[in-house]
Amino acid sequence: LPKDELHSESVLIIIKDHTLTIHNLSQLPQSRDNTLNMNLFQAATILLVLNTAPSKASKSSKSKTSKSTKTSKASEASRREICPLERIPINVNDFREPHWETIIEAAFPTWKTPENGCPRLDALGGTLLPKYSEFPTSEDGKWNPCYYTKGFASLDPKLGGYPSPIDTRYPFEFAAPFKGQPGDGSVHHCEVEPDGKWEDTDIGACPKLGNTCGKDCAQITNEYGIGHIPPFVPLAAIKNAYGKCGSHDICSDWFHYPTNGCNIKKSVLDDLVYEQFGVDDKIKFQGPVLIDGLPSNTYFRLEYGGESPACDDDNCRGPHYCTTDVIDEGGIWGDFCPYVHTGENSGKYRHPHIALAALELWIANQCMPDKCASTWLDTPNGEKYGKDPRLSTAITWSEMDDNTDPMSQPKTPYAPNSGDELYPGLETLYPTNADNGACAKSAPGLYVTEIAGQGFDCSA
């Protein structure tokens, strides 16, 4: 039972040994995930009372309706005094998790979705279904509702992408710098290849900072603190901590506009993440999936990873839907494969770092409405977004089987995109000079340079 929906008059009636007792539900033990603990006997008793209650009860209930309504309003007013912030919108059809679509679209409003829904293929690597072949039309200041690839991240929203984790100031990204190397701007730190042998690099095999303790684990070090963790980890930590609003002042504790703008302070994120996922000098977590039919401790439905039958041949890589021939070829980074693009969830994938940015802004807008607008493009983070591709944090994209198709599979072996069609190429993303070709670029953000090495400096 979700405790945040209970009022002071909510009671549990227990009949045992011919004795009737009434308990205020708000006094029942509360579990860590903000639900009430109720044993089987208590639950069965509720059913018994509801099914055997005398007809007089309805008349008695009616006479108390006005009083109950007043009590409910008083309870809500009392809650507001303790926690003046709004409750997170809840999706009753998703294990009572936050309604992420509502939260995300408040910060990232979308273009109009086609009448029949987002385009979808009949199978991975297949063809468009006639009924679902209409793509949405871009609108100024809004975002793509039918999202298939991060090939346009950090670029003009009209191209169909969303901000990168660097753009949203995600503090646990620890991205590689933009030095003309494979995996630039990603969490994979590949060495700069001065001879330009892009096809020899398996980007997915290049290391992530701090991921030396196994799967779903990040090391905590003196140099960097908590290493790279996926955004669904702090997203879960914030969601859980926000549900305890009232035990502390979220606005004053979590935010400091002069130093962090509309983002939650990193020191707060460190504490929340460690409190919920810390084990000695490590952060350990589960993937954002269902485990035995129930949500993991970082569950995030909008990843839509591993759906059947599209992924039945072990051909998907997380939320990326690769065809078997791409996987069999090997050496290609799974992130170049499109997100879910078959079935009813086609185009509905959303990045957890976008959900995190939206949730942060939703809270910040309540705390600082005069400084933090409700839409991301109107915040300090979005002020210069998408203006210049050579200052963007867009990852150098792969050449695709069809460079005109946002659902296309990557070509193997890996090579940078030619930039002659839909996807941006090196000439679009990097400044150049006559001697060195593509040069290291100065994309604003925080990067780790100790692994990538030196790139070509255009000023040389």
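Buried here means under 20% relative accessible area. Keep that cut-off in your head as you click around, and remember that this is a predicted model.

**Stop one: a small pair of cysteines**

Select Cys311 and Cys316. Their sulfur atoms sit 1.9 Å apart, and the two residues form a disulfide. Cys311 has a relative accessible area of 12%, so it counts as buried. Now check Cys316: buried or exposed? Cys316 is buried as well, since its relative accessible area is 12%. Look down the S-S bond and you'll find a torsion of about -80°, which means the Cys311 and Cys316 disulfide is left-handed.

**Stop two: other disulfides**

How many disulfides does the structure hold? There are 7, and two more of them are worth a visit.

Go to Cys251 and Cys367 and show the side chains. The sulfur atoms of this disulfide are 2.0 Å apart. The link of Cys251 and Cys367 is left-handed, with -80° about the S-S bond. Color helix α6 (residues 250–254) and helix α10 (residues 352–367): Cys251 belongs to α6 and Cys367 to α10, so the pair ties together parts 116 residues apart in sequence. Turn on a surface and look at Cys251, which is partly exposed, with a relative accessible area of 23%.

Next, pick Cys262 and Cys372. A disulfide joins them, with an S to S distance of 2.1 Å. The torsion about the S-S bond of Cys262 and Cys372 is about -100°, so this disulfide is left-handed. Where are the two ends? Cys262 is in the loop between α7 (257–260) and α8, and Cys372 is in the loop between α10 and α11 (426–429), so the link ties together parts that are 110 residues apart in sequence. With the surface still on, note that Cys262 and Cys372 are both buried.

**Stop three: two crossing helices**

Hide the cysteines and show helix α5 (residues 232–242) with helix α8 (residues 266–277). Their axes come within 9 Å and cross at roughly 90°. That angle is why α5 is described as roughly perpendicular to α8.

Now put side chains on the contact. From α5, select Val233, Pro234, Ala236, Ala237, Ile238, Asn240 and Ala241; from α8, select Leu269, Leu272, Val273, Gln276 and Phe277, which they meet. What sort of residues make up the contact of α5 with α8? They divide into 10 nonpolar, 2 polar and no charged.

**Stop four: the sheet**

Switch to cartoon and find the open sheet of 4 strands. Its order is β6-β5-β8-β7, and the pairing is antiparallel. The edges are β6 (225–226) and β7 (278–279), each of which pairs on one side only.

Start with β5 and follow its partners. β5 and strand β8 (residues 282–284) are paired in the antiparallel sense over 3 bridges. To see a specific match, select Ala218, which stands opposite Ile283 in β8.

Then look at β6. It runs antiparallel to β5, and 2 bridges join the two strands. Here the match to select is Thr221, opposite Gly225 in β6. Trace the chain from β5 to β6 and you'll go through a hairpin of 3 residues.

**Stop five: Phe135 and Ser154**

Two residues in one loop finish the tour. Phe135 lies in the loop between α4 (100–107) and β5 (217–221). Its relative accessibility is 34%, so Phe135 counts as partly exposed. Draw a distance from its C-alpha to that of Pro119: the separation is 6.2 Å, for residues 16 apart along the chain. Then show what Phe135 touches beyond four places in sequence: Pro114, Pro119, Leu128, Tyr148, Pro406 and Met407.

Ser154 lies in the loop between α4 and β5 too. Is Ser154 buried or exposed? At 3% relative accessibility, Ser154 counts as buried. Which residues touch Ser154, leaving out those up to four places away in sequence? Select Tyr162, Pro163, Ser164, Asp167, Tyr385, Gly386, Ser392, Thr393 and Ala394. For a last distance, take the C-alpha atoms of Ser154 and Thr393: they are 5.6 Å apart, while the residues are separated by 239 along the chain.

Methods: Residues are numbered from 1 along each chain as its sequence is written. This is a predicted model: local features need pLDDT of at least 70, side-chain atom pairs count only at pLDDT 80 or more; totals for chains, interfaces and linings use all residues. Side-chain values use heavy atoms; hydrogens and water are left out. Axes are lines fitted to C-alpha atoms, for helices over the stretch in contact, and angles run from 0 to 180 degrees between N-to-C directions. Angles under 35 degrees count as roughly parallel, over 145 as roughly antiparallel, 65 to 115 as roughly perpendicular and the rest as oblique. Contact means heavy atoms within 4.5 Å. Ala, Val, Leu, Ile, Met, Phe, Trp, Tyr, Cys and Pro count as nonpolar, Asp, Glu, Lys and Arg as charged, and the others, Gly among them, as polar. A disulfide is a pair of cysteine sulfur atoms within 2.5 Å. Buried means under 20% relative accessible area, exposed over 50%, partly exposed in between (1.4 Å probe, protein chains only). Two strands pair if DSSP finds at least two bridges between them.
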